[in-house]
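Let's take a walk through this model together. Keep the viewer open as you read, and follow the residues as they come up.

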Amino acid sequence: MTAATPKPDLDTRENIASFVDGFYERLLADEELGPIFVDVAQVDLAVHLPHIKDYWCKLLLGENDYQRHTMNIHRQLHGKRPLEKRDFERWLEFFTTQVDEHFAGARAERCKRVAASIAANMEKSLSLQ
């Protein structure tokens, strides 16, 4: 019997990229959230995923490649299809599950805390609370 391989932390760009890819695969397959990204936002994954990877590398690794303003992007989406508190709760559930299933460590825990804060700030900014 061999010991299980420990889960990696979100401490490299490669691990963050793997997390983001897996998270979006799960998210886009969801019957509730998938259409928001595909039909409403019409997200071009070839453009979007590198931005999201840069965003998380900025937050977790201190990299400076991400320079966009996420709130404005979500306000525009909210104007097309009003986002609801439930949408953010579901997003956060998928996010946390993806982290917990595949990653462990200080940065993985920080990532979940930051995501919860982001969801709460988005809800507040969009007046969903």
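Ala106 has its place in helix H6, where helices are DSSP runs of H or I with at least four residues, numbered from the N terminus. With a relative accessibility of 63%, Ala106 counts as exposed; here exposed means over 50% relative accessible area, buried under 20%, and partly exposed in between, using a 1.4 Å probe and protein chains only. From Ala106 to Ala119 there are 13 residues in sequence and 20 Å in space, C-alpha to C-alpha.

A word on conventions: the model is predicted, with local features needing pLDDT of at least 70 and side-chain atom pairs counting only at pLDDT 80 or more, while totals for chains, interfaces and linings use all residues. Residues are numbered from 1 along each chain as its sequence is written, and side-chain values use heavy atoms, leaving out hydrogens and water.

Now turn inward. The largest nonpolar core (buried Ala, Val, Leu, Ile, Met, Phe, Trp, Tyr and Cys residues joined through side-chain atoms within 4.5 Å) has 35 residues, and Leu10, Trp56, Trp91 and Phe95 are those with the most contacts inside it. At least two core residues come from each of H1 (13–29), H2 (34–40), H3 (45–61), H4 (70–80), H5 (85–102) and H6 (106–125). H6 gives the most, with seven residues. In soluble globular proteins, nonpolar side chains tend to be buried together.

Helix H3 deserves a closer look. Its 17 residues reach 22 Å from first C-alpha to last, close to the expected 24 Å, a span taken as 1.5 Å times one less than the number of residues. Among the buried residues of H3 are His48, Ile52 and Trp56, and their cover includes H1, H4, H5 and H6. Beyond its neighbours within four places in sequence, Trp56 is in contact (heavy atoms within 4.5 Å) with Ile16, Val20, Leu61, Phe95, Cys111, Val114, Ala115 and Ile118.

Just before that helix, in the loop between H2 and H3, you will find Gln42. Its phi is near 50°, a positive value in a residue other than glycine. Gln42 counts as exposed, at 62% relative accessibility.
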